[in-house]
Amino acid sequence: RCGESSSKWRYQQRGGYSSLDDPGLMLRLSQPHILESLSQTPFCDLSIADKLAILSCLVSQILTFSAVRDVIDERMEKIKQGKIELRSVHANDKKREQEAYQKVKDGEWTLEQLEKEKELLLRRKQDQGRRLKELNEENQNNQVLPLGQDRAYRRFWLFTAIPGLFVEHDDRHAGTCLPKGTPALDLGLLNGEDPVVYMKRLFEQGSNKENLLKTPTKTPITPTKTPSKAKTPTKGSSPSKAVVAAAEEKVRRPLTCWADAACPVHSDQGQRVCWAFYQDEAVVDVLISKLNKRGVREHALQAILEDDRERIVQSITKCPISWLNANQCPTLETRKSSRNNPRYDNANLNFPPGTPSEEILESVLRDLILETEEKINDGCLGSLKVHDRKAWREALANNSYDQQCEKVVWGGNGRNNSQGESNDVAGEEEGQSRPSTPSSEASFRDLQLDASVEQRTKVRELASAILQLEQSIDNKYLKRPLGKEEKKENNEKGLKAAQVARERWEASLMASTSLSQLFLHISTLDSSITWARSIQKASCRLCRRRGDPEKMLLCDGCNKGHHMYCLKPKLTSVPQGNWYCPKCKPREKVSPVKKSRRIFTEESDEEEEDLSKNLPVGQCKVCRAKGPLIICESCESGYHFDCIVPVLRKIPTGNWYCQKCRRGSAAAAAPTTKKGYRQ
């Protein structure tokens, strides 16, 4: 598992990446024409090379994110630990097998016990093989690496996205030619014999050169002349063309270095198949047999192909040959999918062939704006701030635009687009560009001037329509990135951050110069709307039904739906302002009832004086003075009202005990220990 220190370092320092390692910046510096084209041209109209460059940049950019790299590292660490465990289990099984043979040898085990142990170890070995296969498949899903290279530096690939065995021939991995080319053996000396057997026999017979020709062999060996005895051409004479051609023919083997301009490995002249694929199991077997066991690259490739042969053959059988080369399988019929997906029934979106991509994108974008506005309005998520909603929608449907308001304001600086004003905002955006951003030869203003006025007008009108769509949504139905977090509804920081994000989104929207950029902005808006809170998806909390959306009320507290006729009492009209269901309705503060307290007056004092006349008269035990006394029920001692602590205000209704008697009764009730002492 990735350590906390490494993870923290990645989040803070981007894992050692600098600005020059940023794929987006490097694309801007190395191929500025791509960004220039994207500012006005849709992605589908770019060349294949530019499309691949953009996709490669996006993939590389994703891989620089620390969160993605942490996930990949965790998966790779898991695979590594799994392989370590498999090696440990394999070593233990091997040791266990040796111990079993030793026990049989010592006479501790019988042959039947040995056979049972072998069967158990065989099942464990099969389980280990399946586990290793699973780990290899997981490893291929995490990283894409070639199986190996052959003598011509061609790389062999096995992808998970598309089945099949593919071969890539790229000049970047070949290097430069050898000084004298790849050494080649004269196949004429073999006489049909295997080269390995031939070299082995020469090595064995090399120490007996004087008797080499006298020793009978199955295949005769043609003696070769030494360089000293060979005839050398004299000065002024030139070798014959036949000799030169024969020498060149001996050296020039397929897929080997020729050390000249026509080299099939290192030269880029001539037509070369950059990508190829295998479509037959027999061809794979021929490939494995033809690879050179003595070669560094081909020996490793041969071992991998032999180990993964079963998986490679299964992948080849599923290879879509008709997609890769239509001439290979012209008679095969296209299999129709059982899943009905209308999005892919017509790749041209039911437009006639040859329709410009700009026209298709504009039509699709207008339909998307109308569809989103309808969902917002019917779901009670907001409403357009226009004079006539119907006229606004009809204008968009008729390839036009009617603002239906005096002006549209966007951004934090109060910029607006009044009805009938010029749509050129190049000067506004030019001053806001960052001075540190590398720029190409053509600036943003130059790009806008090059574009057609009609196209700029359409982009600006559709951008204004999307802006009106965004401003029609209630803030409480927006989530991140354009809204606030649901957990921090009352956080001022969250509200301010959401406001800043919306202002930046609005400014970027109105600075768009192509339809593709408008698609990006409306997709961001769509992902920021909490569609789950739409009334179209709400069900009544009481009857559990989704019908009658016109009669459905959404609670402003829990956002649950309630039919007006399901409430008790029933509602006949939509209430004004916020409405809360019975569970979320705030409790009304009830004013507490004041308890009537007895007010002592002179009359009540006189009544108490009258009551004291009925008390016995005697000597107080405290002050020793005579007067009306209250008698203790236990000790029968008398006390004045004022002498009792605390002072009594009125005659008690029941039995009364003095303080001394109360203490005595409390002490008598206290528990005692075994020795009789009180605790």
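A crossing of two helices is called left-handed if the near helix is turned anticlockwise from the far one by less than a right angle. Keep that in mind as we walk through this predicted model, starting with a pair of helices that shows it.

Helix 13 passes helix 19 in just such a left-handed crossing. Their axes lie 10 Å apart and meet at an angle of about 20 degrees. Angles under 35 degrees count as roughly parallel, so helix 13 and helix 19 are roughly parallel to each other. On the helix 13 side, the contact is made by Glu 358, Leu 361, Glu 362, Val 364, Leu 365, Leu 368, Ile 369 and Lys 375. Helix 19 answers with Leu 515, Ser 516, Leu 518, Phe 519, Ile 522 and Asp 526. Sorted by class, this contact has nine nonpolar, four charged and one polar residue.

Now let us look at the nonpolar core. In soluble globular proteins, nonpolar side chains tend to be buried together. Here, the largest nonpolar core holds 34 residues, and Ile 369 and Leu 518 touch the most other members. You have met both already, as part of the contact between helix 13 and helix 19. Two or more core residues come from each of helix 13 (357-378), helix 14 (389-397), strand 5 (407-410), helix 17 (453-471), helix 18 (492-510) and helix 19 (515-527). Helix 17 gives the largest share, seven residues.

Ile 369 is a good place to zoom in. Leaving aside residues up to four places away in sequence, Ile 369 touches Trp 392, Leu 396, Leu 462, Ala 465, Ile 466, Leu 469 and Ile 522. Finally, a second, separate core has 14 residues, among them Leu 147, Tyr 278, Leu 305 and Ile 316.

Key:
Residues numbered from 1 in each chain as written. Predicted model: local features only at pLDDT ≥ 70, side-chain atom pairs only at ≥ 80, totals over all residues. Heavy atoms only, no water. Core = buried A, V, L, I, M, F, W, Y, C linked by side-chain atoms within 4.5 Å. Buried < 20%, exposed > 50% of the residue type's maximum accessible area, 1.4 Å probe, protein only. Helix = DSSP H or I, 4+ residues; strand = E, 2+ residues; numbered from the N terminus. Contact = heavy atoms within 4.5 Å. Axes fitted to C-alpha atoms, helices over the stretch in contact; angles between N-to-C directions. Parallel < 35°, antiparallel > 145°, perpendicular 65-115°, else oblique. Nonpolar A, V, L, I, M, F, W, Y, C, P; charged D, E, K, R; others polar.
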